Amino acid sequence: VVSTQSTGHRGAPRPREQRPGVQLPPRLLHQQRRLSKLVCWQTFRFSQIEGTVNGVPSLHITCNFTTAMLQQPSLQKQLFSVCLLSHLAVQYPIQQTLQSCNEMLSWAIAQSGQMSIVWTLLSLESFVRIAKAFPPLVDPISRLLLNQKKMLSRHDMATIKRKLEMYSETPNKIPNCPKKMIDSAFQRIMSDILLRMKGS
């Protein structure tokens, strides 16, 4: 059962310039599963996650503790968790990964406040990947995005944008209107559904 308490957004996350960069050969990680878990808990650059998941077969075991990472009082770990899970979903669209995605969505829906919005906005690419890997999750993901869009209207856009730039690895790509980020992600999810329907 996923806790409905907002335990994740009260801590002080580290800005991007303080993030550690862990770089280990995929072969070494595959040979040492415990080391795989340790490296993921320490986190590394999000841009390296896809290549790491594709190159390290044993990394699929890390989906077992992505939910636990969400409970950590660190926005960095929470963002890393959903990004890692999304790439695992694409690479391993199996029941175990689907369950972890469901748990992540239950946690996300239960969150509230400004940092919850920041987490959602910075996780949009991950949601698009998860929706593509698991079409049954399109509905809860869509409801989450629409709800966050409503919450976004209650907050100062300039403040939200500053926080997004602070924690994003690509701050120069943050639009002036954060709502456009949600609209873009939602459109991509819907477009993928239409393509699937045409192809079936």
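These legends walk through four close-up views of a predicted model.

Local features are described where pLDDT is at least 70, and side-chain atom pairs count at pLDDT 80 or more, while totals for chains, interfaces and linings use all residues. Residues are numbered from 1 along each chain as its sequence is written, and side-chain values use heavy atoms, with hydrogens and water left out.

**View 1. The buried face of helix α10.** Let's start with α10, residues 157-167 (helices are DSSP runs of H or I, at least four residues, numbered from the N terminus). Here I160, K161, L164 and Y167 are buried, meaning under 20% relative accessible area, whereas exposed is over 50% and partly exposed lies in between (1.4 Å probe, protein chains only). Down the axis of α10, the buried residues fall within an arc of 140 degrees, so they line one face of the helix; the arc is that of the directions from the helix axis to the C-beta atoms. Their cover includes α5 (75-91), α7 (114-122), α9 (138-152) and α11 (179-199), with contact meaning heavy atoms within 4.5 Å.

**View 2. The largest pocket and its lining.** The largest pocket holds about 670 Å³ of space. A pocket is an open set of points on a 1 Å grid over the protein atoms alone where a 1.4 Å probe fits, with protein on both sides within 12 Å along at least five of seven lines; lining residues have an atom within 4 Å of a point. Of the 29 lining residues, L121, L122, E125, S168 and T170 lie nearest the centre. Elements giving two or more residues to this lining are α3 (49-55), α5, α7, α8 (124-133) and α11. The lining divides into 14 nonpolar, 7 polar and 8 charged residues.

**View 3. A salt bridge between α8 and α11.** E125 forms a salt bridge with R188, that is, a side-chain nitrogen of Lys or Arg within 4 Å of a carboxyl oxygen of Asp or Glu. The closest N and O atoms of E125 and R188 are 2.5 Å apart. E125 lies in α8 and R188 in α11, so the pair ties together parts that are 63 residues apart in sequence. E125 is partly exposed at 40% relative accessible area, and R188 is partly exposed at 37%.

**View 4. Two salt bridges that involve α9.** R143 pairs with D139 at 3.2 Å; both lie in α9, 4 residues apart, about one turn of the helix. D183 pairs with K149 at 2.6 Å, linking α11 to α9 across 34 residues.

Note on methods:
Grid points are joined across faces, edges and corners, and a volume is the space filled by probe spheres set on the points. Ala, Val, Leu, Ile, Met, Phe, Trp, Tyr, Cys and Pro count as nonpolar, Asp, Glu, Lys and Arg as charged, and the others, Gly among them, as polar.
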